[in-house]
Amino acid sequence: MRSVLTAIVLTRTNALRTGARLYSSSVTGEMSRTKRARMVAVEQSRFITGADGNNVTPYIANLIGRNLHKKDAHPLGIIKAKIENYFAKLPGDTKFDIVDNLDPLVNAQECFDDLLIPTDHPGRKPSDTYYVSRPGGREVSSATDTLLRTHTSAHQSTLMRSGKEAFLCTGDVYRRDEIDATHFPVFHQMEGVKLFDPALVGGTMSRDEWLASDGCKLVAADLKKTLEGLVDELFGPVEKQWRDDFFPFTEPSFELDIFYNGDWMEVLGCGVIHSGVLSNCGLSNRHGWAFGLGLERLAMVLFTIPDIRLFWSDDQRFLSQFKAGQINTFQSYSKFPPCLKDIAFWLPEGFEPNDFFELGRGVCGELVEKIELVDEFTNAKKGKTSHCYRITYRSMERSLTNEEINVMQEQLREQAATKLKVELR
């Protein structure tokens, strides 16, 4: 209304100038959209390369760079800031560097080899990991293969080689996984590392000598004390229990559980950095600890967020509920009805369920809430095994129509037959 009244009283010259500005704004907006689209295409070309072994889909590439962990008023950013503030207030002279902007594209040397992850580890398989380049289509990765990091530990060796003595490294990580309310192909981790002065804990020694040393016990005790303080900072004073565990890159290794909301819950994994990892970094005379935690896992509990897909929502009914520095209970808005569809097929040789789940993400995006195996049987005469999967379609923001669901379901059936070579039933 105001622009119409203004135009009436404008002189002809001013009117022409106004028109020129409006035209310029329109053209600029169009150019901006074109530029953004071009930038997205260029960015995607880093990850969808057409190289041997490339299995990154457009759906996954579109999620890269969202940086949810760097948004102050987002649940993930709120948890990240609280953890960083806790470490900043720890007594002593140790200062933890904050690292949260590293490229998710890494090589297998950083992601696996430096961390002593064996070549036959399931996490190295293309059924579990998004590879940008894996020449020859090998089942296991080589040191030079490139991939989207599967954990923030992928940066541990690089950061220690650069001279960092203590740091918190946060970022988005990528794994091909099942589909349900607690799993998403992209989530966020934080890696914490602290190295100790050799004068305090000892320097170069054999593995057995180190594990039996007072220095190793001191490092483990400092780790546990630090992390117990962290969970009290996040959850309030809670009952805790430590469990011995195994990770290739720490020795000894532990997991921390807390009793919260009437049940025991696993919070994080950690341990004393394996001497072999430090040797790989040229730091055989050093010792320290490391931990890793998932931001979504903590945020879903602390904010009572029921579905991991919500973290990626742009819906203001979700985003407006959170403020920087505050942990509050999420208030659910109307949940739209689900639609269930089944798909059954005979399995080809070498079938991987994660490959089917990935097809579901590619076709349906975040409209697929869950894919679950509801029936499996083997026909002895045919020598074939059949799977039946139930797909739950549900939008977080609107009601889905049966027509659009049928289109997605048919696309998924067609792609399963053509790309996975399944025999539809």
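**Exercise 1. Find which residues C111 contacts beyond its neighbours within four places in sequence, and decide whether C111 is buried or exposed.**

Solution. Step 1: apply the contact criterion, heavy atoms within 4.5 Å. With neighbours within four places in sequence set aside, the partners of C111 are V106, I117, L147, R149, T150, H151 and A154.

Step 2: place the residue. C111 belongs to helix α5 (residues 108-111); helices are DSSP runs of H or I with at least four residues, strands are runs of E with at least two, and both are numbered from the N terminus.

Step 3: read the accessibility. Buried means under 20% relative accessible area, exposed over 50%, and partly exposed in between, with a 1.4 Å probe and protein chains only. C111 has a relative accessible area of 0%, so C111 is buried.

Step 4: check a distance. The C-alpha atoms of C111 and Q156 are separated by 8.9 Å, although these residues are 45 apart along the chain.

The model is predicted: local features need pLDDT of at least 70 and side-chain atom pairs count only at pLDDT 80 or more, while totals for chains, interfaces and linings use all residues. Residues are numbered from 1 along each chain as its sequence is written, and side-chain values use heavy atoms, with hydrogens and water left out.

**Exercise 2. Locate H155 and list its contacts outside its neighbours within four places in sequence.**

Solution. Step 1: H155 sits in the loop between β4 (146-148) and α6 (156-161). Step 2: its relative accessibility is 6%, so H155 counts as buried. Step 3: leaving aside neighbours within four places, H155 touches L102, D103, V106, R149 and C169.

**Exercise 3. Give the strand order of the 7-stranded open sheet and name the helices that pack on it.**

Solution. Step 1: two strands pair if DSSP finds at least two bridges between them. The order is β1-β5-β6-β10-β9-β8-β7, with mixed pairing. Step 2: β1 (97-99) and β7 (239-247) are the edge strands, each pairing on one side only. Step 3: from one strand to the next the twist averages 20 degrees; angles run from 0 to 180 degrees between N-to-C directions, and axes are lines fitted to C-alpha atoms, for helices over the stretch in contact.

Step 4: β1 and β5 (residues 166-174) run parallel and are joined by 3 bridges. D97 has F167 as its bridge partner in β5. Step 5: helix α9 (residues 214-235) packs on the sheet and touches β6 (186-196), β7, β8, β9 (263-273) and β10 (287-294). The direction of α9 makes about 145 degrees with that of β9. Helix α11 also packs on the sheet, touching β5, β6, β8, β9 and β10, and its direction makes about 55 degrees with that of β10.

**Exercise 4. Describe how α4 and α11 cross and which residues make the contact.**

Solution. Step 1: the two axes come within 9 Å and cross at roughly 105 degrees. Step 2: angles of 65 to 115 degrees count as roughly perpendicular, under 35 as roughly parallel, over 145 as roughly antiparallel and the rest as oblique. Therefore α4 and α11 are roughly perpendicular to each other. Step 3: α4 contributes P75, L76, I79, K80 and I83, and α11 contributes L295, E296, L298, A299 and L302.

**Exercise 5. Identify the cis peptide bond at P252 and the sign of phi at N67.**

Solution. Step 1: E251 and P252 are joined by a cis peptide bond with omega about 0 degrees, and P252 lies in strand β8 (residues 250-260). Step 2: N67, not a glycine, has a positive phi of about 50 degrees.
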